[in-house]
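User: I'm new to reading protein structures, and I'd like a close look at one part of this one. Could you walk me through how a pair of helices packs together, and then one residue in a loop?

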Amino acid sequence: MAGVADGLVQSLEDIAARLRIESIRSTTAAGSGHPTSAASAADLVAATFFAAMRLDPEHPRSPAGDRFVLSKGHAAPLIYAVWAELGVVKREELGLLRRLESDLEGHPTPRLPFIDVATGSLGQGLSVGVGLALGARKLGSDARVFVLLGDGETAEGSVWEAAQMAGHEHLANLVALVDVNRLGQSGPTMLEHDLRAYQRRFAAFGWRAVTIDGHDLRQIVPAVRRARLDRGAPTAIIARTIKGQGIEGIADQEGWHGKPLPPDAAGRAIAALEVRLHHMPPPPVRKPARRSLPRLPAQPTPPVPAYAEVATREAYGDALVRLGAADPRVLVLDGDVKNSTYTERFRDAHPDRFIEAYIAEQNMVGTAAGLAAQGFVPFAASFACFLTRAADQLRMAAISRCNIKLCGSHAGVSIGEDGPSQMGLEDLALFRSLPESVVLYPADGVAAEACVQLAGVHRGLVYIRTTRMKTPPLYAADEAFAVGGLKVLRASASDALTIVAAGITLHEALAAHDELVGHGLPVRVIDCYSVKPIATEALLEAARATGHRMLVVEDHYAEGGLGEAVRAAVAENDVRVRHLAVREIPHSGPPRTLLERYGIGRGAIVTAARALADAEVGAGTRA
Ligand SMILES: Cc1ncc(C[n+]2csc(CCOP(=O)(O)OP(=O)(O)O)c2C)c(N)n1
């Protein structure tokens with residue numbers, strides 16, 4: 001093994017010491033934080049940033065540069081300190097850690113230019129790393145991606161979903177640094193210092209796994225440097241470390257996780273670290289060979305066809321093909337249901353931009369977040385019900401303001417015979433509750449096309465809900481849709497009430513309309529395809545024009561879906577809202593039978609509309 005020059009070792013030791021000092025100082029000043037978690041990884045981080053990574057500190061998000069993901073996000077002070085070493089964070093700002101006026105939050109978020117995706121919910125960073133590494137490869141970049149994981153967090157299954165995917169994809173540009181400091185939050189980890197067990201696990205997923213002493217820079221430097229692109233496999237560096245390394249009396253002790261040092265102890269610890277400094281200058285930052293990569297050229301969008309009867313899930317697949325032809329940044333991921341979600345059409349049309357994510361939805365969403373951080377526009381699909389498995393990854397993607405698109409097919413009881421385990425009945429609640437999310441729910445082929453196009457241009461997290469069964473066409477190919485829009489499909493001057501529906505129930509509402517009109521009860525029908533943001537003003541206008549009576553019908557549980565969205569929109573306007581939704585655990589059966597059985601079919605709508613038309617409307621009324 002070629003030796004590491006003494007000068008480099010000393011200079012990295014100085015950086016690591018300063019990282020520890022700043023982590024202690026900033027957490028003590030903040031009165032909270034995780035100095036011991038930072039201290040165990042300080043040597044790994046110093047060597048990675050100053051002896052291995054190639055990056056341009058002024059352009060940390062350039063795909064040409066290496067990336068670093070702090071999967072153990074609670075060690076945030078360490079990462080802020082290293083970016084202070086790089087001159088990006090001002091040293092005096094480190095003292096503002098965790099303060100409202102600083103972007104140096106308790107756990108890192110992309111408010112900071114050098115953070116790609118928020119971390120702090122453990123077990124997600126390796127998936128983000130997979131996305132960044134896949135993205136770099138797709139861009140033809142030779143950049144590498146380093147992910148720092150805690151040993152405790154490797155108990156999360158999502159870590160192994162990511163490890164498996166990285167092995168399968170031969171992501172030689174991905175490096176996992178596992179900081180095996182033996183301790184978690186409330187006690188020792190499962191494997192404590194059993195490095196071989198971690199090594200075997202990563203190796204089993206096709207990784208090149210090495211064990212090192214994570215405090216010996218003569219071992220760390222060659223390990224992080226040798227993790228090269230041409231070895232055909234991702235690299236795991238399993239590093240034996242000590243939690244609180246360098247802090248006398250606290251190192252390797254239980255009971256110090258997430259605790260700042262009291263000021264006097266912090267002063268002593270900092271003084272002890274300072275006396276050991278060699279006062280060597282830091283090594284020069286290694287810049288990427290290229291500043292930037294060529295931009296992917298956009299093409300004109302192929303024309304949208306006139307749709308006949310089609311399932312929106314199928315139109316979704318076709319729309320992706322068209323969007324992908326126009327926008328080379330579009331990538332599609334799917335959790336082994338591509339023949340159900342119809343993303344296989346995209347795979348056939350643009351095979352190099354389709355990523356089979358297999359049955360690992362958490363990793364699929366984390367990977368999408370990483371791909372978005374490389375400038376791609378990833379669309380990830382599964383059954384609506386299975387996306388709820390990745391709720392926490394979606395939450396973190398929302399906090400990160402990731403530009404990712406999700407599609408949930410097989411929404412509601414209308415999927416029929418497969419039964420409740422396959423029915424997405426909580427997905428609207430999940431996606432509506434994510435901050436700044438957009439939730440779209442098309443009812444025909446043209447609307448599905450439009451929703452895909454809207455998702456492609458909207459910056460942020462967009463969810464598109466699609467339906468399993470075929471639905472008749474409603475719109476001409478040139479109909480215009482907008483985020484936050486709605487369509488009034490039936491209206492007369494004497495409408496007794498407004499029916500608000502979306503997706504499959506819109507077709508039930510239209511059938512109910514015809515029956516009601518036949519019985520002399522004209523009603524308005526609205527396609528509320530933009531569930532969030534919802535067209536509040538247009539809904540209120542409809543309510544005012546129809547006697548302040550509204551009937552909402554949706555193929556979703558009563559909680560958190562379209563009904564509650566409409567109620568919230570018209571609240572305090574004396575609108576009487578009646579809400580038809582699935583209110584019990586459904587059973588297998590023929591789709592149309594299930595729609596009636598669970599009270600959201602045309603028959604139920606007719607009955608509810610008649611009752612509502614007769615109901616009194618007054619201040620604060622609700623039905
Ligand atoms: C999903 C999740 N569960 C629980 C926590 C709370 N938590 C924060 S740090 C921590 C211990 C982490 O241990 P490890 O990964 O070994 O990191 P260390 O601090 O020891 O380096 C826990 C349980 C969390 N942040 N995320």
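Analyst: Happy to help; here is the helix pair, followed by the loop residue. Keep in mind that this is a predicted model.

Let's start with the helices. Two packed helices are described by the angle between their axes and the distance between the axes. Here the pair is α2, residues 35-52, and α7, residues 217-226. Their axes are 9 Å apart and the packing angle is about 50°, which makes α2 oblique to α7. The crossing of α2 and α7 is right-handed.

Now look at who touches whom. From α2 come Asp43, Leu44, Ala47, Thr48, Ala51 and Ala52. On the α7 side, they meet Leu217, Ile220, Val221, Val224 and Arg225. Sorted by kind, the residues of this contact are eight nonpolar, one polar and two charged.

Next, move along to Thr343, which sits in the loop between α10 (338-341) and α11 (344-349). Is Thr343 buried or exposed? Its relative accessibility is 0%, and buried means under 20%, so Thr343 counts as buried.

What surrounds Thr343? Leaving aside residues up to four places away in sequence, Thr343 touches Tyr316, Leu320, Val332, Asp334, Lys338, Phe354 and Ala381. With one of these, Asp334, Thr343 also makes a polar contact of 2.8 Å between side chains. Finally, try finding Cys407: it is 64 residues from Thr343 in sequence, and their C-alpha atoms are 10.0 Å apart in space.

How values were computed. Residues are numbered from 1 along each chain as its sequence is written. This is a predicted model: local features need pLDDT of at least 70, side-chain atom pairs count only at pLDDT 80 or more; totals for chains, interfaces and linings use all residues. Side-chain values use heavy atoms; hydrogens and water are left out. Axes are lines fitted to C-alpha atoms, for helices over the stretch in contact, and angles run from 0 to 180 degrees between N-to-C directions. Helices (H or I, at least four residues) and strands (E, at least two) are DSSP runs, numbered from the N terminus. Angles under 35 degrees count as roughly parallel, over 145 as roughly antiparallel, 65 to 115 as roughly perpendicular and the rest as oblique. A crossing is left-handed if the near helix is turned anticlockwise from the far one by less than a right angle, and right-handed if clockwise. Contact means heavy atoms within 4.5 Å. Ala, Val, Leu, Ile, Met, Phe, Trp, Tyr, Cys and Pro count as nonpolar, Asp, Glu, Lys and Arg as charged, and the others, Gly among them, as polar. Buried means under 20% relative accessible area, exposed over 50%, partly exposed in between (1.4 Å probe, protein chains only). A polar contact is a pair of N or O atoms within 3.5 Å; within protein, one must be able to donate a hydrogen and the other to accept it, and residues adjacent in sequence count only if both atoms are side-chain atoms.
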